[in-house]
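Colleague: I've got this one open on my screen and would like a close look at a single part. Could you take me through the sheet you'd pick to begin with, and then show me how the rest is arranged around it?

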Amino acid sequence: MCIDREEIPLSPKLALIHTSPSLIPVFQALCATWLPGVEVFHMVDESLIRNTIAAGRLEKITMRRVISLVDSARLAGADAVLVTCSSIGDAVTTAATLFDFPVIRVDDALAEKAVTIGNRIGVLATVRTTLEPTTAQVRRMACKSTSCKDITIVEVLCDGAFDAVMSGDGLTHDDIVSAALLKLIPRVDVVVLAQASMARVLATIDPAALTVPVLSSPELAVQCVAEVLRSGR
């Protein structure tokens, strides 16, 4: 994947669709680094993730609402859309087939990179509605080539972490996730942090303890957008 920071031509406009306002500064900073000259705007709808968690799955009505948000972003002038929530990833995949401009899942590049690193892939999440679609996305990427790569996925759900961060207790969230991550590392070749909100945990861990690659989606996703905008795909 090309990830150099050369200026992208024609000053395109990127819309980011979030299910949590806390991700805006994370992605804004990454866009400033990797997308110089690109105009960025943000759209937030927390009910998308709340309704998905309450239902225990991505419902058709939520898929329609995601597609509607992508359409609104296009009408607002977006040349590309990045959806930053993995739990609604399947809706993004559907939306990408309906529009004639790039609609990008936050975990596309994450899953693609993970399967190139090793055969035993750990997937860490704080909600099951993210764990399942991320695992499925990793398996799809493993079978993207003509012959499927034989992989083993080790799933870990960090119980209590999501409720903690939603209640404003970020420290407890980080403690739960980091403990689960350190326990998982010896069992796998690479770890995937399934939610963009989990990336912050890496800053709290001694780098020497990260003995296998630990991938998070935000930076990889923005790098992917940069490549897509440069190539015009």
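Modeller: Happy to, and keep in mind that this is a predicted model. Let's begin with one pair of residues: Ala 15 stands opposite Phe 41 in β2. Right beside that pair, Leu 14 has Val 40 of β2 as its bridge partner. Both pairs belong to the contact between β1 and β2 (residues 39–44), two parallel strands joined by six bridges. As for β1 itself (residues 13–18), the strand is mostly covered, with five of its six residues buried.

Now step back to the sheet around that pair. It is an open sheet of four strands, in the order β2-β1-β3-β4, and the pairing is parallel. β2 and β4 stand at the edges with a single partner strand each, so one side of each has no neighbour in the sheet. From one strand to the next, the twist averages 20°. In a regular strand, the side chains alternate between the two faces of the sheet.

What lies across this sheet? Helix α9 lies across β1, β3 (80–83) and β4, and runs at about 165° to β3. If you follow the chain to the loop between α4 (89–98) and β4 (103–105), you'll find Asp 100. Asp 100 counts as exposed because its relative accessible area is 70%, and the cut-off is over 50%. Asp 100 is 39 residues from Ile 61 in sequence, and their C-alpha atoms are 22 Å apart in space.

α9 also takes us to the largest pocket, since the largest share of its lining, four residues, comes from α9. That pocket has a volume of about 660 Å³. It is lined by 34 residues, and the closest to its centre are Leu 23, Gln 195, Ala 196, Ser 197 and Ala 199. The elements that give two or more residues to the lining are α1 (24–34), α2 (47–55), α7 (161–166), β8 and α9 (217–231). By class, the lining has 16 nonpolar, 13 polar and five charged residues.

β8 is worth following, as it belongs to another open sheet, where four strands run in the order β6-β5-β7-β8 with parallel pairing. The edge strands here are β6 (152–157) and β8 (214–216), each of which pairs on one side only. Neighbouring strands in this sheet are turned by 25° against each other on average, direction ignored. Within it, β5 (residues 120–125) and β6 pair in the parallel sense over six bridges, and Leu 124 stands opposite Val 156 in β6.

This sheet has a helix across it too: α6 (residues 128–142) lies across β5, β6 and β7 (190–193), running at about 165° to β6. Zoom in on Thr 130, which is in α6. Thr 130 counts as buried because its relative accessible area is 2%, and the cut-off is under 20%. Leaving aside its neighbours within four places in sequence, Thr 130 is in contact with Ser 86, Ser 87, Ala 125, Ala 194 and Gln 195. Gln 195 is a name you've met already, as one of the residues closest to the centre of the largest pocket. Arg 187, by contrast, is 57 residues from Thr 130 in sequence and 21 Å away in space, C-alpha to C-alpha.

Methods. Residues numbered from 1 in each chain as written. Predicted model: local features only at pLDDT ≥ 70, side-chain atom pairs only at ≥ 80, totals over all residues. Heavy atoms only, no water. Pairing = 2+ DSSP bridges. Axes fitted to C-alpha atoms, helices over the stretch in contact; angles between N-to-C directions. Contact = heavy atoms within 4.5 Å. 1 Å grid on protein atoms, 1.4 Å probe; cavity = no way out; pocket = protein on both sides within 12 Å on 5 of 7 lines; lining within 4 Å. Points joined across faces, edges and corners; volume = space filled by probe spheres on them. Nonpolar A, V, L, I, M, F, W, Y, C, P; charged D, E, K, R; others polar. Buried < 20%, exposed > 50% of the residue type's maximum accessible area, 1.4 Å probe, protein only.
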